[in-house]
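The following exchange examines how certain structural terms are justified. Each answer sets a computed value against the criterion that applies to it.

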Amino acid sequence: MTTPRTFARSEALLQRALKRIPLGTQTFSKSKTQFPQGVSPYYVTHGKGARVWDVDGNEYIDFISSLNAVLLGYADDDVNAAVAEMLQWGSIFSLPHPIEIEVAEALAEMVPCAEMARFGKNGSDVTAGAVRLARAYTRRDYIVVCGYHGWQDWYIGTTSRNLGVPKATRELTKTFRFNDIDSLAAVFRELPDQVAAVIMEPMHAEFPREGFLAEVRELTHRHGALLVFDEMITGFRFANGGAQEYFGVIPDLATFGKGLSNGFPLSALAGRAEVMRMMEEVFFSFTFGGETLSLAAARASLDKLKAEPVAATMVTHGQAIMDGLNAAIARNGLGEVLSVSGHPSWSAIAVADHAGISQWEIKTLFLQEMFARGILTYGAHNMSYAHREPEVARLLAVYDEVLPIVADAVLNGRMAEALRCKPLVPLFTVR
């Protein structure tokens, strides 16, 4: 029997926040739109390793990992020590600090394409910087995208969340389909000698088919455009050198963030020196781009990636989760409802409508029961180095409890009695 949890303080804080903060928080994916009301935590107080505690005192094993930003685990001792040491000297100055050079050099040592680097704070900073740089370098205007690349006008205008983006801006970005080289070729035929860059996530839920990324690079270069890999998540997760090292396809430019500094606000645009030197003319400038605490966190994180088997450990435990969950799905007859895909360090559960029951009802029930058992998730396994055998074992044990509940509700038509809250509603899909 699951011990009942209360979320009273979370609920109260949400109502208080909604009076002063649109959506109640700063990040769409952390907002009330993602978590069913009445059965979900909304605010946390602290985290350590792979665990977090909410404002009501409930403990969770966290498989969201702050949207993949926490690569090593919450409050990593080595990262915290580096930041604490830097804090004694100051966080920002009137001139650059040498740590900017040190982190750029560390990136160049680790990432195949990273001959030079510039820093921002969010992923959107550096993907927008990559677009501006590519346009300046090629003297062309059009951008072709595949994947999610942040909130800036040039990208978000291609999605259903394009409110406020001018039509003229929206028309300068085109999309193509992952693993479909013909869809990219069609864009180049439509816009001969007009495409500045192809920017893409080298992988999300689906592995690139054999040769696909190399085909994208060849086609892009043949048409005089630059290839940009958005490695905001794949960077340092698939391999120390990112997906470009993992798949053996080197782009002209790449963007990094999230795990770069284990959750401290830092992002990087890196690439070929010939292209990056144009950043001396392209205006890409931040008061806080050289903030030293986040750079200290990045230096410590990169040092740990080199010294310890971070990526390999995440793969080992992430694969155990995928295998265990696939077996549980089969045991419970949910093969037509749930599926698991992605890289072992970053896998996700897809939910399908079934027999008149919507995927949103199913996902709501799934989250309701996972939260009640101390697993913080939105249906993904965002692994960190802190997720080890005990966390994996507990997650699989919870799946063995929750999937029979989901199967009974879906396969026997008992969803209405199983749900203790209103179901989530269809949302903006970022990919």
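Q: Why is S261 called buried?
A: In this predicted model, S261 has a relative accessible area of 0%. Buried means under 20%, so S261 meets the criterion and is classed as buried.

Q: Where does S261 lie, and which residues does S261 touch beyond four places in sequence?
A: S261 is placed in the loop between β9 (253-256) and β10 (267-271). Leaving out residues up to four places away in sequence, S261 touches L266, S294, A297, A298 and S301.

Q: What makes the approach of the side chain of S261 to the backbone oxygen of F264 a polar contact?
A: A polar atom of the S261 side chain lies 2.5 Å from the backbone oxygen of F264. The limit for such a pair is 3.5 Å, and the distance of 2.5 Å falls within that limit.

Q: What is notable about the phi of N262, and is N262 buried or exposed?
A: N262 has a phi near 50°, which is a positive value in a residue other than glycine. N262 is found in the loop between β9 and β10. Its relative accessibility is 7%, so N262 counts as buried, the cut-off being under 20%.

Q: How do you know that L23 is partly exposed?
A: The relative accessible area of L23 is 32%. Buried requires under 20% and exposed requires over 50%; the value of 32% lies in between, and L23 is therefore partly exposed. L23 is found in the loop between α1 (8-18) and β1, and phi of L23 is near 70°, again a positive value in a residue other than glycine.

Q: Why does K121 count as buried?
A: K121 has a relative accessibility of 16%. This is under the 20% cut-off, so K121 counts as buried. K121 lies in the loop between β4 (116-120) and α5.

Q: Which residues does K121 touch, and what does its side chain reach?
A: Not counting residues up to four places away in sequence, K121 touches P265, L266, S267, F288, E291 and S294. The side chain of K121 reaches the backbone oxygen of F288 at 3.3 Å, within the 3.5 Å limit for a polar contact.

Q: How do you know that the span of helix α5 is close to the expected one?
A: Helix α5 (residues 123-138) has 16 residues and reaches 23 Å from its first C-alpha to its last. At 1.5 Å a residue, 22 Å is expected, and the computed span is close to that value. Among the buried residues of α5 are S124, D125, V126, L133 and T138. Just after α5, R139 takes a positive phi of about 60°.

Q: What makes β11 and β14 edge strands?
A: They belong to an open sheet of three strands in the order β11-β12-β14, with antiparallel pairing. β11 (338-343) and β14 (380-382) each have a single partner strand, so one side of each has no neighbour in the sheet. Neighbouring strands of this sheet are turned by 15° against each other on average, direction ignored.

Q: How do you know that β12 and β14 pair?
A: Pairing requires at least two bridges. Strand β12 (residues 346-351) is joined to β14 by three bridges, and the two run antiparallel. S347 stands opposite H381 in β14. Helix α13 (residues 310-331) lies across β11, β12 and β14, running at about 165° to β11.

Q: Which strands are the edge strands of the open sheet β1-β2-β3-β13?
A: This sheet has four strands and mixed pairing. Its edge strands are β1 (44-48) and β13 (375-376), each of which pairs on one side only.

Q: What makes β2 and β3 a pair?
A: Strand β2 (residues 51-54) and strand β3 (residues 59-62) share three bridges in the antiparallel sense, which satisfies the requirement of at least two. V52 has Y60 in β3 as its bridge partner.

Q: Which residues touch the most other members of the largest nonpolar core?
A: They are L107, L184, M200, F236 and L302, in a core of 101 residues. Helix α15 (residues 389-411) supplies the largest share of this core, 10 residues. Apart from this core lies another, of 26 residues, including L133, I143, A197 and F428.

Methods
Residues are numbered from 1 along each chain as its sequence is written. This is a predicted model: local features need pLDDT of at least 70, side-chain atom pairs count only at pLDDT 80 or more; totals for chains, interfaces and linings use all residues. Side-chain values use heavy atoms; hydrogens and water are left out. A nonpolar core is a set of buried Ala, Val, Leu, Ile, Met, Phe, Trp, Tyr and Cys residues joined through side-chain atoms within 4.5 Å. Buried means under 20% relative accessible area, exposed over 50%, partly exposed in between (1.4 Å probe, protein chains only). The expected span of a helix is 1.5 Å times one less than its number of residues. Axes are lines fitted to C-alpha atoms, for helices over the stretch in contact, and angles run from 0 to 180 degrees between N-to-C directions. Contact means heavy atoms within 4.5 Å. A polar contact is a pair of N or O atoms within 3.5 Å; within protein, one must be able to donate a hydrogen and the other to accept it, and residues adjacent in sequence count only if both atoms are side-chain atoms.
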